[in-house]
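Me: I would like to know how the labels for this structure are justified. Please take me through them one by one.

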Amino acid sequence: MKTAAQLNQQFGIAGQLSFRDDASGLVVAEFINKFATASLCLQGAHLISWHPRSQSKPVVWVSRDAKMAAGKSIRGGAPVCWPWFGAHASESSFPGHGYARTVPWSVIESGTEPNGATRLTLRLQESEKTRAQWNHDCNVDLTVIIGDTLRMEMTTENTGTSDFVIGEALHTYLQISDIGKVSVTGLEGCEYWDKVGGSNLRKQDGAITFNGEVDRVYINSAAECVIHDAPLKRRIHIKKSGSLSTVVWTPWTEKANKMGDMGQPDGWREMVCVESVNAIDNVVTVLAGNKHTLIVEYTATSL
Ligand code: TA6
């Protein structure tokens, strides 16, 4: 693993992108430009925060109780779920949502976009540990572009000689005023697996509103979603490609209290997850020698 000093020398961009050694022992990339500020932990290529200058509050939520530690996922931000989503199909001892978010990633490129946004690309570092859970020849890269829009591109390249199937997600936590005062549109009429109280296939009727735990995997939809947040006088647009599932999740009180890191006592009320996913009916077969890319763009607009 490179030190922050080595990364600054090779990939730092004066006045835009720097790397620091966090007290946790992890390395964090700090972004600052005319559009926004953001931070990203190299472990898991985990975007922790994104705050466009046009917005009074950050758009990506991170728990005030979030802990950073080697091998542990961070509560909030945009966790990378890969190479499976949810529980492993057969190995209960394997981590939920895959291992990508808790292993080291290395920086492979940085740069400035023509409009002044800041770009960083990282690659998952394979190890005996990852191979023990996923024994396929592949590269997994994540590119983040920090601007007035946050763009994230996750590419899986099958460098082997046999096809393989992945489940994946950018499991992003969005900052809102209060879960009881927002709605999510874009998924009207869409079928979803309702994970609350089992797993039942249902159809979305109208906008999504929240008055209890919601944990839904919407399937066969490439739709753009919008979070409508009147108290914060904003909408958050979530536009994706290469993804046919969308997960909408709030733990509500009981689950949040059990999790213990959602920002006691009610930090969970200030976030909703709208995740760009390929899961269940929409897992992806990556043919030998081919690539698959999931792209999502987040934009906040003021009302
Ligand atoms: O995406 C929703 C979900 O699968 C929920 O069921 C809940 O488990 C959430 O992810 C958080 O998972 P994590 O492993 O980050 O605690």
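**Labels and their reasons**

Reply: Start with a cysteine. In this predicted model, cysteine 138 has a relative accessible area of 9%. Buried means under 20%, so cysteine 138 is buried.

Me: What makes cysteine 190 buried or exposed?

Reply: Its relative accessible area is 8%. The cut-off for buried is under 20%, so cysteine 190 counts as buried.

Me: How do you know that cysteine 138 is in no disulfide?

Reply: A disulfide needs two cysteine sulfur atoms within 2.5 Å. The nearest cysteine sulfur belongs to cysteine 81 and is 16 Å away. Therefore cysteine 138 is in no disulfide.

Me: And why is cysteine 190 in no disulfide?

Reply: The nearest sulfur is that of cysteine 225, 8.5 Å away. The limit is 2.5 Å, so cysteine 190 is in no disulfide. The structure holds zero disulfides.

Me: Now the ligand. What makes its pairing with arginine 101 a polar contact?

Reply: A ligand oxygen is 2.8 Å from an N or O atom in the side chain of arginine 101. The limit is 3.5 Å, so this pair is a polar contact. Histidine 171 has a side-chain N or O atom 3.0 Å from a ligand oxygen. For glutamate 275, the distance from a polar side-chain atom to a ligand oxygen is 2.8 Å. The protein covers 76% of the 390 Å² of accessible area that the ligand has on its own.

Me: Why are five residues of the ligand's shell called charged?

Reply: Asp, Glu, Lys and Arg count as charged. The shell includes Arg75, Arg101, Lys195, Asp215 and Glu275, so these are charged. The others divide into three nonpolar and two polar.

Note on methods. Residues are numbered from 1 along each chain as its sequence is written. This is a predicted model: local features need pLDDT of at least 70, side-chain atom pairs count only at pLDDT 80 or more; totals for chains, interfaces and linings use all residues. Side-chain values use heavy atoms; hydrogens and water are left out. A residue is near a molecule or strand if one of its heavy atoms lies within 4 Å of it. A polar contact is a pair of N or O atoms within 3.5 Å; within protein, one must be able to donate a hydrogen and the other to accept it, and residues adjacent in sequence count only if both atoms are side-chain atoms. Accessible areas come from the Shrake-Rupley method with a 1.4 Å probe; for residues, only the protein chains shown count as cover. Buried means under 20% relative accessible area, exposed over 50%, partly exposed in between (1.4 Å probe, protein chains only).
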